[in-house]
Amino acid sequence: TVKSLEGRVAVITGASSGIGEAAAEHLAELGARVVVLARRADRLGELVTRIEKNGGQAVAIAADVSDAASVQAAADRVLAEFGGADLLFNNAGVMLPAPVDQVRADLWQQEIDTNVTGLMNAIGAFVPQLIASAARTGVADLINTSSIGAQNIYPNFAVYAGTKAFVTHSSRQLRAELGSRNVRVSVVEPGLVRTELQGHVTDPGANAWLDGVKDSLEWLVAEDIARTVGFIATLPRHVNIQQITVMPTAQA
Ligand code: NDP
């Protein structure tokens, strides 16, 4: 592999499984030092060991993105130990669909706390570092994970899709705000990716729908999105992928 991200410091949220985990491994292969963040410290520890075994550099920070103070403490540590991040893959998220008339306000709140507040907590904590890095080196990246749910209509996904519409639209707004300071902002909207995300769904109707599509078409794997993130980050500094939707070929 060409080490095209050599010298860069990448923070990946939601790195203990799925897309974030695969992205951490891929960005480390491309030469970035990676800081992996999620709540499950054991899973992060195993990931760091694997990255190091493959010749990469990684540090784990266990934190809940919905807790602003913990995310700021993580950012302070990244500044102290690495001189700051120049890539944030803002990817932690939960998907908990349910029919709206069940009034699962607990699930709505968890989605909003993680996908919206958590996303903004990481932006607030790390964007100052991205701006400072870009002022030094000429480029930094903020890459947010949205979903095809931000574009398409799916019954029972009103709140999840709403949080992802926030991610997509805010990313485009931030791109206009930060581009002139050499911080590229990109939003990635995946279709169905086989990860642990679907394992947290409790609603029987949503699970029946997911089981149906599971067997009817070939889903993406986390590595497909990891490679998309690597592609975005390795483009020449004057090129900014604003928004990219990555679908399984057979998903409508
Ligand atoms: P996973 O469930 O495998 O990964 C989710 C990650 O987010 C885990 O590492 C989890 O770690 C972390 N996370 C969840 N809540 C928190 C929290 N409060 N604080 C810190 N970390 C948290 O699913 P995916 O890899 O599929 O999901 C990654 C992103 O991709 C999400 O934003 C999801 O919405 C999006 N997405 C996924 C699609 C799919 O089909 N899989 C399609 C479109 C978008 P931990 O539990 O250890 O904290």
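**Close-up views of the predicted model**

**View 1. Parallel pairing of strands β2 and β3.** In this predicted model, six bridges join strand β2 (residues 33-38) to strand β3 (residues 57-62), and the two strands run in the parallel sense. One position can be followed across the pair: V35 has V59 of β3 as its bridge partner. Between the two strands the chain passes through helix α2 (residues 41-53), giving a β-α-β crossover that is right-handed. In a regular strand, side chains alternate between the two faces of the sheet.

**View 2. Surroundings of A24 in the nonpolar core.** The largest nonpolar core contains 73 residues, and A24, V34 and V36 have the most contacts inside it. Helix α4 supplies the largest share of this core, with eight residues. Leaving aside residues up to four places away in sequence, A24 touches I12, A15, V34, V36, L47, I51 and A58. The contacts of A24 thus include V34 and V36, which are named with A24 as the residues with the most contacts inside the core. In soluble globular proteins, nonpolar side chains tend to be buried together.

**View 3. Shell of residues around the ligand.** The ligand is surrounded by 31 residues, of which G14, G18, R39, R40 and G93 come nearest. Two elements, α1 (18-29) and α4 (105-137), each give two or more residues to this shell. The largest share, three residues, comes from α1. By type, the shell around the ligand holds 14 polar, twelve nonpolar and five charged residues.

Methods:
Residues are numbered from 1 along each chain as its sequence is written. This is a predicted model: local features need pLDDT of at least 70, side-chain atom pairs count only at pLDDT 80 or more; totals for chains, interfaces and linings use all residues. A residue is near a molecule or strand if its C-beta atom, placed from the backbone, lies within 6 Å of it. Helices (H or I, at least four residues) and strands (E, at least two) are DSSP runs, numbered from the N terminus. Ala, Val, Leu, Ile, Met, Phe, Trp, Tyr, Cys and Pro count as nonpolar, Asp, Glu, Lys and Arg as charged, and the others, Gly among them, as polar. Two strands pair if DSSP finds at least two bridges between them. A crossover is right-handed if, with the strands pointing away from the viewer, the path from the first strand over the helix to the second runs clockwise. A nonpolar core is a set of buried Ala, Val, Leu, Ile, Met, Phe, Trp, Tyr and Cys residues joined through C-beta atoms within 7 Å. A residue is buried if 20 or more other C-beta atoms lie within 10 Å of its own, exposed if 12 or fewer, and partly exposed in between; C-beta atoms are placed from the backbone. Two residues are in contact if their C-beta atoms, placed from the backbone, lie within 7 Å.
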